[in-house]
Amino acid sequence: MRREFLSGNRAIAEAAILSGLKFYAGYPITPASDLMEYLAEKLPSYGGIVVQFEDEIASINAAIGASWAGVKAMTATSGPGFSLMAEGVSLAVATETPVVVVDIMRAGPSTGIPTKATQSDVYQARWLAHGDYTIPVFAPWSVQDCYDMTIKSFNVAEKFRTPVVLLSDANIAHMWETLYVREPGEVEIIERKKPSVPPEEYRPYQPGEDLVPPMAVFGEGYKVIVESLVHDELGYYRQDSVTYREMIARLNEKIRRGVGYIYEQEEYWVEDSDAVVVAYGSTARMVYPVVKALRQKGARVGFLRLKTLWPLDEERLWRALSRAGKVIVVENNTGRVYLDVARIAGSARTFFSPVITVDPPKFNEVMEAVAKWL
């Protein structure tokens with residue numbers, strides 16, 4: 001382990017390389033462009049390839065193709081480009097393709113303010129595409145978190161054969177901080193599960209006990225079917241309710257069963273608090289010192305930071321919030337995670353206090369948002 005001074009985007013790139021990234025596909029978009037530029041310099045020396053495509057549609061589909069060629073793949077974008085990736089992300093869900101998508105949030109709707117940040121892509125990350133599915137979404141709040149959660153994103157993608165979204169924003173992407181960089185062997189790196197049966201017995205979508213099918217890729221001697229239509233275990237298109245029901249149930253259940261591995265939260269002073277503030281990402285960076293200041297004044301306030309936005313471990317979240325008389329959700333949007341927290345903690349004691357700003361939230365803004373409910 002060594003200490004480095006890096007930006008959030010560079011930390012993502014370094015962690016992706018450590019995780020085994022070999023193919024990056026992207027298209028320039030603020031505030032994600034420098035991630036691709038950094039990888040273009042570094043990744044080839046690790047045996048990887050960086051390709052700038054004509055748009056985000058081509059980028060996500062190329063990353064999916066690379067994954068089916070047997071390498072770990074990633075793309076990165078911001079809100080407008082993420083919108084263009086909707087069909088590709090849906091394809092990755094249906095075909096159970098491991099791929100990491102980094103969304104560096106900026107202000108919207110439409111092109112918004114390219115150089116400014118909000119947290120308005122939270123629902124986009126969760127429900128970008130059509131159909132029934134659950135995509136894991138991680139929200140870092142620091143450069144170190146960008147590094148650690150990128151490794152987690154690759155591990156989850158490979159372990160569960162799923163697209164994963166790393167949801168950063170312009171504030172975190174371009175801040176510089178000291179972080180601890182791991183060396184190979186110092187952190188767990190998960191590889192996708194491979195078939196253990198001979199090619200003639202292989203069924204491309206037959207799950208194991210964990211509901212995740214072993215993944216053969218092109219060139220390994222197995223019959224590989226990458227089917228976007230509703231399909232059976234052999235990968236053949238079926239248009240009946242039984243096949244559809246079984247496929248959709250498994251795609252969602254494999255993630256639900258893995259929630260103990262996927263979900264992470266951090267708790268500060270929660271045990272003895274009358275009120276708990278819930279936040280994530282760059283907004284949480286200012287919630288922490290605000291809560292700390294309130295406690296120094298005698299207020300019994302705690303802070304819970306969500307590191308995983310979807311899926312939520314509802315039982316664990318409930319346990320952390322159950323003792324508080326009030327739960328205050330602070331987000332830089334009009335209310336995304338608040339609705340789920342209110343459902344889990346109880347709407348009567350859950351309050352939404354937005355801090356909507358295109359600049360990094362200020363201490364006084366967050367203090368006012370929290371204090372009005374105490």
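User: Before we turn to strand 5, what does it take for two strands to pair?

Analyst: Two strands pair if DSSP finds at least two bridges between them. In this predicted model, strand 5 is joined to strand 7 (residues 163-169) by seven bridges, and the two run parallel; within that pairing, Val 101 has Val 165 of strand 7 as its bridge partner. Strand 5 also pairs in the parallel sense with strand 4 (residues 72-77), over four bridges, and Asp 103 of strand 5 stands opposite Thr 77.

User: Which residues of strand 5 lie on one side and which on the other, and are they buried or exposed?

Analyst: In a regular strand the side chains alternate between the two faces of the sheet. Here Val 99, Val 101, Asp 103 and Met 105 are on one side, with Val 100, Val 102 and Ile 104 on the other, and all are buried, so that both faces are covered. Because seven of the seven residues of strand 5 (residues 99-105) are buried, the strand is largely enclosed by the rest of the structure.

User: How should I read empty space in the model, and how many cavities of 30 Å³ or more are there?

Analyst: Rolling a probe the size of a water molecule over the atoms shows where empty space is left. The count comes to one cavity of 30 Å³ or more, and the largest cavity has a volume of about 70 Å³. Two elements, helix 5 (86-95) and helix 9 (241-257), give two or more residues to its lining, with helix 9 contributing the largest share, four residues.

User: What kinds of residues form the lining of the largest cavity?

Analyst: They divide into six nonpolar, three polar and three charged; among them are Val 93, Tyr 133, Arg 161, Pro 163 and Asn 252.

How values were computed:
Residues numbered from 1 in each chain as written. Predicted model: local features only at pLDDT ≥ 70, side-chain atom pairs only at ≥ 80, totals over all residues. Heavy atoms only, no water. 1 Å grid on protein atoms, 1.4 Å probe; cavity = no way out; pocket = protein on both sides within 12 Å on 5 of 7 lines; lining within 4 Å. Points joined across faces, edges and corners; volume = space filled by probe spheres on them. Nonpolar A, V, L, I, M, F, W, Y, C, P; charged D, E, K, R; others polar. Buried < 20%, exposed > 50% of the residue type's maximum accessible area, 1.4 Å probe, protein only.
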